[in-house]
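User: Please walk me through this one feature at a time, general idea before the particular case.

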Amino acid sequence: MAAVRKVLIQGAGIGGLTLAAALGQRGVQVDVAEAVGSDAVLGVGLNQPANVLAALDEIGVREACLNIGFPFEELVLWNPLGEQVAAIPPPDGVYAKPSNNAIGRPAYNQILREAADKAGARIRTGVTIWEMHEDADGVEVELATWTGKRTPPIRDAGAGSNRYDLVVGFDGVRSKIREHLFGDKYAPAFTGSANWRVTLPRPDYLKHIVVAFAAGVKVVLTPTSQDDMYFGLVTPEPGKPRHAPEDFLDLFRERTRPFSGRLGELRDSITPDHTIVYTPLEYLTVREPWFRGRIAIAGDAAHTSPPHMSQGAAMAVEDAVTLAAALDQHDGLPDALDAWYRRRRDRALFVADASLALLKQENGDELTAADHELLRQVVPNAQARLFTEAY
């Protein structure tokens with residue numbers, strides 16, 4: 001690879017592991033530092049639209065995802081009684097069918113981890129970057145042990161440092177790499193809503209993503225394999241309350257009280273033995289180059305938004321494969337990073353902005369002129385843009 005020979009990636013989530021595999025397959029020496037340990041909760045599940053399936057094909061894992069996930073085409077709308085009222089077919093585009101594949105998050109992570117391992121990436125968990133010092137020829141990095149969200153990293157006694165041609169932060173919405181680059185200029189903003197998700201057995205009738213609305217609550221049912229699904233909610237949560245996990249089940253039931261029929265049956269099947277994941281929804285966009293010198297950010301560190309277009313994780317994967325391609329195509333690192341950012345900026349920011357506008361519309365929030373312009377592209381048309389434009 002012309003622009004780099006050795007790269008450090010902070011973050012072993014979807015984007016970081018995809019980049020590790022893509023670079024490793026090109027002969028780059030890759031180290032991945034993941035602050036959270038291997039026993040961390042990786043989430044519940046997500047959808048893989050056709051554009052991300054194409055990007056995953058670049059690192060050879062598309063078929064593995066389809067084999068373990070649940071491919072489908074239409075988006076189905078139900079009323080609060082659990083009855084189908086509409087089915088929205090996916091737009092045609094430049095990508096192969098299926099148009100969607102929903103998958104469990106732990107299974108997805110495992111597929112990407114195996115691809116990164118096979119490509120020769122060295123992955124360390126429970127560590128994070130302690131210090132970085134950049135000069136004209138590289139970045140000197142020292143790592144530290146990280147033991148949990150409420151404890152600071154611990155500098156490894158006698159630990160040495162390593163030198164890299166490039167450091168990339170796929171380290172999430174609270175990115176320390178972004179903070180290193182931009183200080184406190186960018187911070188995630190709470191949208192006023194939150195996501196609730198719980199994994200359940202998949203009933204035979206659930207063969208597509210299903211969406212239903214009632215009393216300001218959005219229900220999303222997603223089949224993630226032949227055996228499993230997740231029951232998701234998007235709810236207004238004014239003030240960003242910190243609910244106690246022991247209250248999650250009662251709160252979930254309360255918020256889904258307006259739903260009945262099949263939706264009510266699924267709700268009533270949730271027991272205290274199920275794990276409910278509660279996530280406040282945040283929004284952040286970096287609207288200037290996502291790099292300075294030899295340090296870059298991508299994925300949620302650069303653009304994060306509500307899940308209303310099923311494209312957040314897809315944007316991270318696209319960021320990763322296009323960054324690897326740019327590093328391969330350009331002799332100089334500055335040219336490679338600039339070309340990559342210009343290729344990604346408009347597409348990733350469109351997803352973030354349109355997703356936020358959809359959430360605001362659903363909540364009845366005040367909309368800006370820019371929101372109204374984005375909302376003129378209702379979901380099928382917005383998907384058409386993403387499916388017909390090459391990433």
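Analyst: Start with the labels: helices (H or I, at least four residues) and strands (E, at least two) are DSSP runs, numbered from the N terminus. Keep in mind that this is a predicted model.

User: Let's try the labels out, then. Where does Lys-240 sit?

Analyst: Look in the loop between S17 and helix H6 (248-255). Lys-240 isn't a glycine, yet its phi is positive, about 50 degrees.

User: Is Lys-240 exposed or buried?

Analyst: You need the cut-offs here: buried means under 20% relative accessible area, exposed over 50%, partly exposed in between. Lys-240 has 32%, so it counts as partly exposed.

User: What about Ala-215: where is that residue, and what is its phi?

Analyst: Ala-215 is in the loop between S15 and S16. Its phi is near 55 degrees, a positive value in a residue other than glycine. Its relative accessible area is 71%, so Ala-215 is exposed.

User: While we're on backbone geometry, which residues does the cis peptide bond join?

Analyst: Lys-97 and Pro-98, with omega at about 5 degrees. You'll find Pro-98 in the loop between S6 and strand S7 (100-104).

User: On to the sheet. In what order do the 8 strands run?

Analyst: Read across it as S6-S5-S15-S16-S17-S14-S18-S21; the sheet is open and the pairing is mixed. At the edges are strand S6 (84-88) and strand S21 (303-304), each of which pairs on one side only.

User: How many bridges join S18 to S21?

Analyst: There are 2, and the strands run antiparallel. One pairing to look up: Thr-285 has His-303 in S21 as its bridge partner.

User: Which strands does helix H7 lie across?

Analyst: H7 (residues 261-268) lies across strand S5 (75-78), strand S14 (189-201), strand S15 (209-214), strand S16 (217-223) and strand S17 (228-236). The helix runs at about 100 degrees to S17.

User: How should I think about nonpolar cores?

Analyst: In soluble globular proteins, nonpolar side chains tend to be buried together. Here the largest nonpolar core has 88 residues, and those with the most contacts inside it include Leu-19, Tyr-108, Val-167 and Ile-297. Helix H9 (residues 333-363) gives this core its largest share, 11 residues. A second, separate core has 26 residues, among them Val-76, Ala-214, Val-219 and Phe-231.

User: Which residues are in contact with Ile-297?

Analyst: Setting aside neighbours within four places in sequence, its contacts include Ile-177, Leu-181, Phe-182, Val-286, Trp-290 and Trp-340.

User: Now a charged one. Is Glu-34 buried or exposed?

Analyst: Glu-34 is at 15% relative accessibility, so it counts as buried. Glu-34 lies in strand S2 (residues 29-34), and its side chain reaches the backbone nitrogen of Val-36 at 2.9 Å. Beyond four places in sequence, Glu-34 touches several residues, including Gln-10, Gly-13, Arg-124 and Val-127.

User: And Glu-362, is that one buried or partly exposed?

Analyst: Glu-362 has 29% relative accessible area, so it's partly exposed. This residue lies in helix H9. Leaving aside neighbours within four places in sequence, Glu-362 is in contact with Phe-213, Lys-218 and His-308. With His-308 there is a polar contact, side chain to side chain, at 3.0 Å.

User: How many Å apart are Glu-362 and Glu-131?

Analyst: They're 43 Å apart, C-alpha to C-alpha, with their positions 231 residues apart in sequence numbering. For Glu-34 and Asn-47, the values are 24 Å in space and 13 residues in sequence.

How values were computed. Residues numbered from 1 in each chain as written. Predicted model: local features only at pLDDT ≥ 70, side-chain atom pairs only at ≥ 80, totals over all residues. Heavy atoms only, no water. Buried < 20%, exposed > 50% of the residue type's maximum accessible area, 1.4 Å probe, protein only. Contact = heavy atoms within 4.5 Å. Polar contact = N/O pair within 3.5 Å; in protein donor to acceptor, adjacent residues only side chain to side chain. Core = buried A, V, L, I, M, F, W, Y, C linked by side-chain atoms within 4.5 Å. Pairing = 2+ DSSP bridges. Axes fitted to C-alpha atoms, helices over the stretch in contact; angles between N-to-C directions.
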